[in-house]
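Here is a short tour for anyone who likes to check strand pairing and metal coordination by eye. Please keep the viewer open while you read.

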Amino acid sequence: SNRAGFKLMKRAFISDLHLDRTDEDRFLRFQEFLDVESDRMEEIYILGDLVESWIGDDDDSEFAKRLKETIGGASQKTALFIMHGNRDFLIGSSFCSETGATLIPDSTQLTGGLLLSHGDCYCTDDHDYQEMKILLRSEKWQKEFLNQSLETRRGIGRKIRTESEASTATKAESIMDVSTSAIEEIKCRKDVTVVIHGHTHRPGIESHDDGFIRITLGPWEHCGWVCYQDESGFQLKCFNLR
Ligand code: MN
């Protein structure tokens, strides 16, 4: 169906917020962002790594509760879509039914040739990462993990993050970036003219000679990042977090 109709919808795309209970400023800025944008935008897309870690929808922590309330409030005013990143791939159907958000798969394609991804699937040169991803996304691993107590899961989550940080520290920058061949592959896909992704923490807009556009969202780290889409095109913006 052509949801875009005659007038293109106003959309906002964000990713890599890495929210956790330790950074109050960032959380408040996120609440403020959703509050404002859910009035202005027809659709908001969170393209992965909304949180630093998600141990399951049954997490009973204050942080998890607060996050669900925040998302729930916004999705009453606008259509809110969530895609998994490598930190929050355990966000599931309970989270969505509790908050009213819609989970969309990686590589969702919207009308107008717009492809959406978290972006880690394009980092094909990082073989260790891709191998680990296959394990963590397997039904078997996830089932076993979710069967553990919340406390055990918090411990395992911390361990995985520490290991990932250690391996990231020793890897060449180029290995952890999107590979050229992965982008070439996207360009070969039928009707894809724009890709928006996050994950690499290298925000920018790359315009190719053939008209193809690649937009990389930034992490909410030194500033917050958002990409807006309206009739005039795409705009990547950063804003203060404090
Ligand atoms: Mn990521």
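The report below goes through the strands, the crossovers and then the metal site.

Please keep in mind that this is a predicted model, in which local features need pLDDT of at least 70, side-chain atom pairs count only at pLDDT 80 or more, and totals for chains, interfaces and linings use all residues. Residues are numbered from 1 along each chain as its sequence is written, and side-chain values use heavy atoms, with hydrogens and water left out.

**Around strand β3**

Helices (H or I, at least four residues) and strands (E, at least two) are DSSP runs, numbered from the N terminus. A good place to start is β3, residues 79-83: four of its five residues are buried, so the rest of the structure largely encloses this strand. Buried here stands for under 20% relative accessible area, with a 1.4 Å probe and protein chains only.

Two strands count as paired if DSSP finds at least two bridges between them. The table collects three such pairs.

| Strand pair | Bridges | Direction | Facing residues |
|---|---|---|---|
| β2 (residues 43-47) and β3 | five | parallel | Tyr-45 and Phe-81 |
| β3 and β4 (residues 102-103) | two | parallel | Ile-82 and Leu-103 |
| β6 (residues 114-116) and β7 (residues 194-197) | three | parallel | Leu-116 and Ile-196 |

How does the chain get from β3 to β4? The path leads through helix α3 (residues 93-99), and this β-α-β crossover is right-handed. Right-handed is used when, with the strands pointing away from the viewer, the path from the first strand over the helix to the second runs clockwise.

**The five-stranded sheet**

β6 and β7 also belong to an open sheet of five strands, ordered β5-β6-β7-β9-β8 with mixed pairing. Its edge strands, β5 (108-110) and β8 (204-207), each pair on one side only. From one strand to the next, the twist averages 15 degrees, with axes being lines fitted to C-alpha atoms and angles running from 0 to 180 degrees between N-to-C directions.

**The manganese site**

Which residues supply the protein donors of the manganese ion? They are Asp-49 (OD), Asn-86 (OD1), His-118 (NE2) and His-199 (ND1), lying 2.0 to 2.2 Å from the ion. Donors are N, O and S atoms within 2.8 Å of the metal (3.2 Å for Na, K and Ca), and sites may look incomplete because water is not among the atoms. The spacing of the donor residues in sequence is D-x36-N-x31-H-x80-H.

Asp-49 sits in the loop between β2 and α2, and His-118 in the loop between β6 and α4 (127-136), so this pair ties together parts that are 69 residues apart in sequence. Both Asp-49 and His-118 are buried.

Definitions and conventions: Buried < 20%, exposed > 50% of the residue type's maximum accessible area, 1.4 Å probe, protein only.
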